[in-house]
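Trainee: I would like to learn how to read a few features of a structure. Could we begin with helix packing?

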Number of protein chains: 2
Amino acid sequence: MRNIKLILEYDGTRYRGWQKQPHQDVRTVQGELDSALAKLLSEPVETIAAGRTDAGVHAYGQVVNFKTSSDMALSRISYSLNAILPDDIAVKSAEEVSAGFDARHDPLWREYHYYILNRSYRSVFLDRFVLHEGRSLDIGKIDEAVRRLQGRHDFTSFCTVPRGIASAVDNPVRKVLEASCRHASDIVWAGEPVEGLITVKIRAHAFLHNMVRIVVGTAVEVGLGRRNPEDFTRILEAGDRSQAGMTAPAKGLTLVKVQY
Amino acid sequence: MRNIKLILEYDGTRYRGWQKQPHQDVRTVQGELDSALAKLLSEPVETIAAGRTDAGVHAYGQVVNFKTSSDMALSRISYSLNAILPDDIAVKSAEEVSAGFDARHDPLWREYHYYILNRSYRSVFLDRFVLHEGRSLDIGKIDEAVRRLQGRHDFTSFCTVPRGIASAVDNPVRKVLEASCRHASDIVWAGEPVEGLITVKIRAHAFLHNMVRIVVGTAVEVGLGRRNPEDFTRILEAGDRSQAGMTAPAKGLTLVKVQY
């Protein structure tokens with residue numbers, strides 16, 4: 001069996017997240033991809049992803065792998081997949097990797113960007129990929145707050161326990177390699193940095209469920225002056241979800257890069 | 001009467017262009033804007049635009065003006081308009097200008113960018129704003145071709161005479177201040193220049209109907225090696241639309257800036 005690694009880009013707006021659902025009528029990215037691969041390779045295929053993104057979350061550099069007995073050329077696989085897949089999912093590259101490569105377990109780190117458009121008027125070009133916040137945010141304070149997450153911590157306070165699971169997460173400790181907030185030129189449009197764009201960047205070995213969105217939801221409260229940056233340390237130590245702020249909307253979140 | 005200048009951004013995908021149509025059920029940007037203004041100011045309003053963009057063409061810096069007897073504060077006008085207007089139209093700024101200011105007649109120049117995504121796979125983020133061309137284009141040759149348009153020329157060959165108008169355009173002479181093609185960092189996404197993005201930039205005092213799109217359609221043929229850059233001079237001199245190439249799709253075109 002060959003082991004194939006794909007890098008994907010998708011606009012998560014119309015999807016109920018990455019993970020395939022038992023009901024055929026629930027649109028998921030994995031559902032679309034697995035059925036496109038099955039059609040192309042004439043065999044059942046099950047892809048494994050680096051990030052099981054939630055409903056509405058986007059990806060710029062999602063990495064997946066799958067096993068196949070097909071000997072189809074890589075260039076034909078990526079070209080044909082792009083022809084079969086819906087317009088809001090694209091295959092950026094395909095390569096053959098060693099049998100042991102596992103997109104989900106092997107990453108050194110994953111990097112997510114959360115985009116906040118902090119200005120009075122929306123962006124018609126970026127609307128689906130940013131949270132629009134008209135009230136003025138203090139970027140320096142947000143940066144000071146999220147930097148407190150760097151290092152190895154118990155992230156119970158910044159995590160949603162999925163419904164139907166009685167107990168807490170097995171191991172809520174994660175190592176955050178970088179957490180920052182910048183008034184960024186991370187997106188440039190028509191040759192100009194986007195006015196008012198703020199990027200919250202978080203790079204970690206792995207993430208808990210809704211972790212980035214709860215961090216951002218809480219950080220926005222810091223940016224509005226309703227909480228202090230120091231609260232982030234206190235919230236971490238409390239180990240209690242109710243101490244953190246609301247979960248920021250999915251649309252602002254993009255899985256940007258996965259490093260192996 | 002006050003004279004108010006607005007700068008607008010819109011995603012032209014869902015619109016039959018700028019100009020209001022007699023039929024109420026034809027969606028146009030001016031139709032949406034004029035009716036939002038009439039609702040807000042409780043009087044009929046007719047806006048005048050710098051660029052009467054065609055169906056599917058976008059704007060990043062469209063400039064319009066209108067006269068009103070209302071004394072509503074500018075900040076309230078822009079805020080309320082953004083609340084009334086559909087999500088794919090946004091007001092970026094509002095200012096009061098002298099009575100004589102005319103958005104359509106006063107520009108020193110208008111700048112359009114045409115975006116071509118020259119790579120094998122589409123961009124799910126930019127799909128609505130670029131022409132996707134999978135075959136490899138020679139950017140240097142396109143640049144050489146379009147630079148031949150700089151200066152004052154008769155652009156009859158690069159112009160569509162609107163249907164229902166018997167004669168040719170009154171005056172087909174236009175002065176192009178800049179025409180270039182670059183492998184550009186004009187759009188950056190997630191901190192990285194978009195792979196394969198090509199920007200054709202044209203700045204002129206004024207444009208003829210479909211001028212940029214016919215220039216780009218013809219330039220793509222140069223990029224594919226089907227025509228030579230020198231052909232652009234010959235086509236200009238011919239004064240014959242049939243000598244130029246096809247009209248490139250509207251979706252790749254954005255009115256970026258208008259200078260007064």
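Mentor: Two packed helices are described by the angle between their axes and by the distance between those axes. In this predicted model, helix H1 (residues 29-41) of chain B packs with helix H2 (residues 74-84) of chain B at an angle of about 120°, the axes being 10 Å apart.

Trainee: What does the angle say about H1(B) and H2(B)?

Mentor: Roughly perpendicular ends at 115 degrees and roughly antiparallel starts over 145, so H1(B) and H2(B) are oblique to each other. The crossing of H1(B) past H2(B) is right-handed.

Trainee: Which residues of H1(B) and H2(B) meet?

Mentor: From H1(B) come Leu33(B), Ala36(B), Leu37(B), Lys39(B), Leu40(B) and Leu41(B); from H2(B), Ile77(B), Ser80(B), Leu81(B) and Ile84(B). By class, this contact of H1(B) with H2(B) has 8 nonpolar residues, 1 polar and 1 charged.

Trainee: Now the two chains. How is chain B laid on chain A?

Mentor: Two copies of a chain are related by a rotation about an axis and a shift along it. Here a turn of 180° and a shift of 0.0 Å along the axis lay chain B on chain A with an RMSD of 0.0 Å. The two copies are thus related as by a two-fold rotation axis. In chain B, Val188(B) has the C-alpha nearest the axis, 2.3 Å from it. Both copies use the same surface, since 100% of the contact residues of chain B recur in chain A.

Key. Residues numbered from 1 in each chain as written. Chains lettered and ligands numbered in written order. Predicted model: local features only at pLDDT ≥ 70, side-chain atom pairs only at ≥ 80, totals over all residues. Heavy atoms only, no water. Axes fitted to C-alpha atoms, helices over the stretch in contact; angles between N-to-C directions. Helix = DSSP H or I, 4+ residues; strand = E, 2+ residues; numbered from the N terminus. Parallel < 35°, antiparallel > 145°, perpendicular 65-115°, else oblique. Left-handed = near helix turned anticlockwise from the far one by under 90°. Contact = heavy atoms within 4.5 Å. Nonpolar A, V, L, I, M, F, W, Y, C, P; charged D, E, K, R; others polar. Least-squares fit on C-alpha atoms with pLDDT ≥ 70 in both.
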